[in-house]
Amino acid sequence: MSKVNASTRLLVLSGYRRLMRTRSVVFQDHDEALRASRIKIREEIAKNINETEPLKLEKLIKGLNEVEEMLRNNVVQSKRNERGNFEVKMRPENLNSMQSEPNVTLKEASLAEKLGKCSTTNKTL
């Protein structure tokens, strides 16, 4: 990235850091997912480290931001409890995403509304 201007380098670096922080939150307490996501993110960054073409860099930065947003808004963790039900760990971002999504069914929206009235710790479904 030696021929890339400083503002582009900063966008890539800040996007990378944000993505790494997001994966830490989204995959908290899931060591295998944390490890696999760290490896994949680093592989993708390394694969494009020498890119200097502005249009390609813009596309890569946009993709980096989209992946971070998708992880933050659309990924939840669940665990099967002793009764055989799943406990879903919802974050505020998940609830906001569900309520604003135009393709969410009435049943899903009702569930999101109910969960939104509770704290966003583990929920049994």
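Here is a quick briefing on the fold, the core, helix α2 and the salt bridges of this protein. The model is a predicted one. The protein has 125 residues, of which 27% count as buried, and its secondary structure comes to five helices and three strands. Helices α1, α2 and α3 each give two or more residues to the largest nonpolar core, and a salt bridge between R18 and E68 also ties α1 to α3.

**Overall layout**

- Reading from the N terminus, the elements go α-α-α-β-β-α-α-β.
- Take the contacts with a separation of 6 or more: 53% of them are between residues 24 or more positions apart.
- About 9000 Å² of the protein is exposed, and 53% of that comes from carbon and sulfur atoms.

**The nonpolar core**

- The largest nonpolar core has ten residues: L19, M20, V26, F27, A33, L34, I41, L64, L71 and V75.
- The elements that supply two or more of these residues are α1 (6-26), α2 (31-47) and α3 (54-74).
- V26 is a handy core residue to click on: setting aside neighbours within four places in sequence, V26 is in contact with L71, R72, V75, Q77 and R91.
- Two of those partners, L71 and V75, are themselves listed in the core.

**Helix α2, inside and out**

- α2 has 17 residues, which at 1.5 Å a residue should span 24 Å; the end C-alpha atoms are 24 Å apart, so expectation and model agree.
- The buried residues of α2 are A33, L34, S37 and I41. They sit on the same side of the helix, because they cover an arc of only 100° around its axis.
- As background, an α-helix has 3.6 residues a turn, so residues three or four places apart point the same way.
- A33, L34 and I41 belong to the largest nonpolar core.
- Part of the cover over the buried residues of α2 comes from α1.
- On the face of α2 turned away from the buried side you'll find the exposed residues D31, E32 and K47.

**Salt bridges between helices**

- The count for the protein is five salt bridges.
- R18 and E68 pair through their side chains, at 3.7 Å from N to O. R18 is in α1 and E68 in α3, so this pair links parts that lie 50 residues apart in sequence.
- The two partners have different surroundings: E68 is buried, with a relative accessible area of 5%, while R18 is partly exposed at 27%.
- R72 joins in as well, as R18, E68 and R72 form a network of salt bridges. R72 is also among the contacts of V26.

**Salt bridges within a helix**

- In α2, the side chains of K40 and E44 meet in a salt bridge at 3.2 Å, N to O. Since they are four residues apart in the helix, about one helical turn separates them.
- Both ends of this bridge are partly exposed: K40 has a relative accessible area of 46%, and E44 has 29%.
- In α3, E66 and K62 form a salt bridge, with their closest N and O atoms 4.0 Å apart. Here too the spacing is four residues, or about one helical turn.
- E66 counts as partly exposed, at 45% relative accessibility, whereas K62 is exposed, at 54%. The line between those two classes is drawn at 50%.

Technical notes: Residues numbered from 1 in each chain as written. Predicted model: local features only at pLDDT ≥ 70, side-chain atom pairs only at ≥ 80, totals over all residues. Heavy atoms only, no water. Core = buried A, V, L, I, M, F, W, Y, C linked by side-chain atoms within 4.5 Å. Buried < 20%, exposed > 50% of the residue type's maximum accessible area, 1.4 Å probe, protein only. Contact = heavy atoms within 4.5 Å. Expected span 1.5 Å × (residues − 1). Arc of directions from axis to C-beta. Areas by Shrake-Rupley, 256 points an atom, 1.4 Å probe, with all protein chains shown as cover.
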